[in-house]
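Me: Got a structure to go through with you. Can we take it piece by piece?
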Number of protein chains: 2
Amino acid sequence: MVHDSRVSSRAASARPALEPGAEGVGVRLRRLREQAGISLSELARRANVGKATLSGLENGTRNPTLETLWSVTAALGVPITALLAGGQTGVVRGTAVEATLLQVFDDGPVTYELYRMVVPPGPAQASPAHHTGVTEHVTVFSGVLQAGPADAPLLAGPGEHISWTSDVPHRYAAVGDEPVHASLLIRYPRAASPQP
Amino acid sequence: MVHDSRVSSRAASARPALEPGAEGVGVRLRRLREQAGISLSELARRANVGKATLSGLENGTRNPTLETLWSVTAALGVPITALLAGGQTGVVRGTAVEATLLQVFDDGPVTYELYRMVVPPGPAQASPAHHTGVTEHVTVFSGVLQAGPADAPLLAGPGEHISWTSDVPHRYAAVGDEPVHASLLIRYPRAASPQP
DNA sequence: GGCGACCGTTCCGTTTGCGGAACGATGGCG
DNA sequence: CGCCATCGTTCCGCAAACGGAACGGTCGCC
């Protein structure tokens, strides 16, 4: 369920502002606070934020700043992602592939994105070529995956690993009736120089 | 000109610690945007935020609201957590290996655990044999890793992948002076018990 | 019952993040 | 060469998020 999170410009904002994310954040915050066994006033005191701020945040009637979120989560001793990741984390949907971004690892010259991927049975998904030097690495959890360059796809069953350079058109498809679960690692070398 | 006596512009921080300030967020945002190959103006247009907002955000001179972060990350197609970069989930520490559990995938007869692993330079870490049928899969992000069965270790450099069956004693070590960053996937056939 | 401590919400003045507009810098093009 | 589009930064009025104070409500204790 991909919900459109584009926020209309604030012009003509005659409706009560309740952006999609704030509600869930408030609910999760209240749950975390109650799990910690402290009152709203006490948390406000520890986090050095106003009670009004905290109250509005838990009820979803405010649009908190990043600094506020950091203060509150630090006082609770939880990572800030505990408030934000409760809903769906980054889900990228293609025509036949659904990938959930687990982590981004940035090593200066190279960036890695680690996904968990699900390929349902059905028609293959075609992907256009990425930038030069991009490679993809897949380890299959379950099912049988056919993936790789469109002209020379590879096969991988449970526990197997395949990789290819994705600077050519490539594709993903599940072989058989079973959906494929896999981890997908995309490696982006630092392409600071655009191609003419 | 506003006189700000406490601007932390380009503070040459000695350690790569998680700075709760917006500075790290700005750096990551700029990197993600350049990786997507779009200009600041273009991203501002797509995300329906002002260029001033985006500029100040990338330079760490603003304290963005959650709504702004939602809009920008949605326009980039990345999860909001990609900006906050704090995946401090479960952390497993060995004598020479630090692994962060990213996700557990339970497929009935098989359980997968996906880690991000860091092996600092120094003496190797020895691991005793796991249960029969357990396999490990490593994809190296940076550095050179020597890993695998103690009597026949394998080598892998950046972007390379190695795997082995870990039902025999095995080891991990960084080759050279550079720490090794890698993803580690452990596959436990037949409902295995989590690692103590 | 009266009273004080604490709860979470609401009101209010101040602070600040917001988008739009204007700015100088840069590059493509006739 | 001038012209124009686009880049990223800076200025500015406005709306909103902020902390502090006041509010009504509930509980425990004398």
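Reply: Sure. Bear in mind that this is a predicted model. Start with a nonpolar surface patch of about 230 Å², made by A:Val144, A:Leu155 and A:Val175.

Me: Where is A:Val175 found?
Reply: In strand β9 of chain A, residues 170–175.

Me: And how exposed is A:Val175?
Reply: Partly exposed. Its relative accessible area is 39%. Patch residues need over 30%, so A:Val175 at 39% clears that cut-off.

Me: OK, on to the DNA. Which residues are closest to DNA strand C?
Reply: A:Ser39, A:Leu40, A:Ser55, B:Thr53 and B:Thr68. In total, 21 residues surround that strand. Of the atoms of DNA strand C that come within 4 Å of the protein, sugar and phosphate account for 67%.

Me: Which polar atoms sit by a phosphate oxygen of DNA strand C?
Reply: An N or O atom in the side chain of B:Thr53 is 2.2 Å from one. For the side chain of B:Thr68, the distance is 2.4 Å. A:Leu40 uses a polar backbone atom instead, 2.6 Å from a phosphate oxygen.

Me: Which elements give two or more residues to the surface near DNA strand C?
Reply: From chain A, α1 (20–36), α2 (40–47) and α3 (51–58). From chain B, α3 (51–58).

Me: How do the residues of that surface near DNA strand C divide?
Reply: Five nonpolar, ten polar and six charged.

Me: Now DNA strand D. Which residues come nearest?
Reply: A:Thr53, A:Thr68, B:Ser39, B:Leu40 and B:Ser55, out of 21 around DNA strand D. Sugar and phosphate make up 71% of the atoms of this strand that come within 4 Å of the protein.

Me: What polar contacts are there with a phosphate oxygen of DNA strand D?
Reply: Among them, the side chain of A:Thr68 has an N or O atom at 2.5 Å. A polar side-chain atom of B:Ser55 lies 2.7 Å from a phosphate oxygen. For B:Ser41, a polar backbone atom is at 3.1 Å.

Me: And which elements give two or more residues there?
Reply: α3 of chain A, plus α1 (22–36), α2 (40–47) and α3 of chain B. The surface near DNA strand D divides into five nonpolar, ten polar and six charged residues.

Me: Switching topic. How many salt bridges over all chains?
Reply: Eight. One of them pairs the side chains of A:Glu42 and A:Arg46, 2.9 Å from N to O.

Me: How far apart are A:Glu42 and A:Arg46 in helix α2 of chain A?
Reply: Four residues, so about one helical turn separates them. A:Glu42 is partly exposed at 24% relative accessibility. A:Arg46 is partly exposed too, at 48%.

Me: What about B:Glu58 and B:Arg30?
Reply: Their side chains meet in a salt bridge, 2.6 Å from N to O. B:Glu58 is in helix α3 of chain B and B:Arg30 in helix α1, so the pair ties together parts 28 residues apart in sequence.

Me: Is B:Glu58 buried or exposed?
Reply: Buried, at 5% relative accessibility. Its partner B:Arg30 is partly exposed, at 30%.

Me: And which residue does B:Arg45 meet in a salt bridge?
Reply: B:Glu42, at 2.6 Å, N to O. The two are three residues apart in helix α2 of chain B, so about one helical turn lies between them. B:Arg45 is exposed at 54%, while B:Glu42 is partly exposed at 24%.

Me: Which residues do salt bridges with shared partners join into one network?
Reply: A:Arg30, A:Arg33 and A:Glu58.

Technical notes. Residues are numbered from 1 along each chain as its sequence is written. Chains are lettered from A and ligands numbered from 1 in the order in which they are written. This is a predicted model: local features need pLDDT of at least 70, side-chain atom pairs count only at pLDDT 80 or more; totals for chains, interfaces and linings use all residues. Side-chain values use heavy atoms; hydrogens and water are left out. A residue is near a molecule or strand if one of its heavy atoms lies within 4 Å of it. A polar contact is a pair of N or O atoms within 3.5 Å; within protein, one must be able to donate a hydrogen and the other to accept it, and residues adjacent in sequence count only if both atoms are side-chain atoms. Ala, Val, Leu, Ile, Met, Phe, Trp, Tyr, Cys and Pro count as nonpolar, Asp, Glu, Lys and Arg as charged, and the others, Gly among them, as polar. Patches are made of residues with over 30% relative accessible area and no salt bridge: like charges are joined within 9 Å, nonpolar side chains (Val, Leu, Ile, Met, Phe, Trp, Tyr) within 5 Å. Accessible areas come from the Shrake-Rupley method with a 1.4 Å probe; for residues, only the protein chains shown count as cover. A salt bridge is a side-chain nitrogen of Lys or Arg within 4 Å of a carboxyl oxygen of Asp or Glu. Buried means under 20% relative accessible area, exposed over 50%, partly exposed in between (1.4 Å probe, protein chains only).
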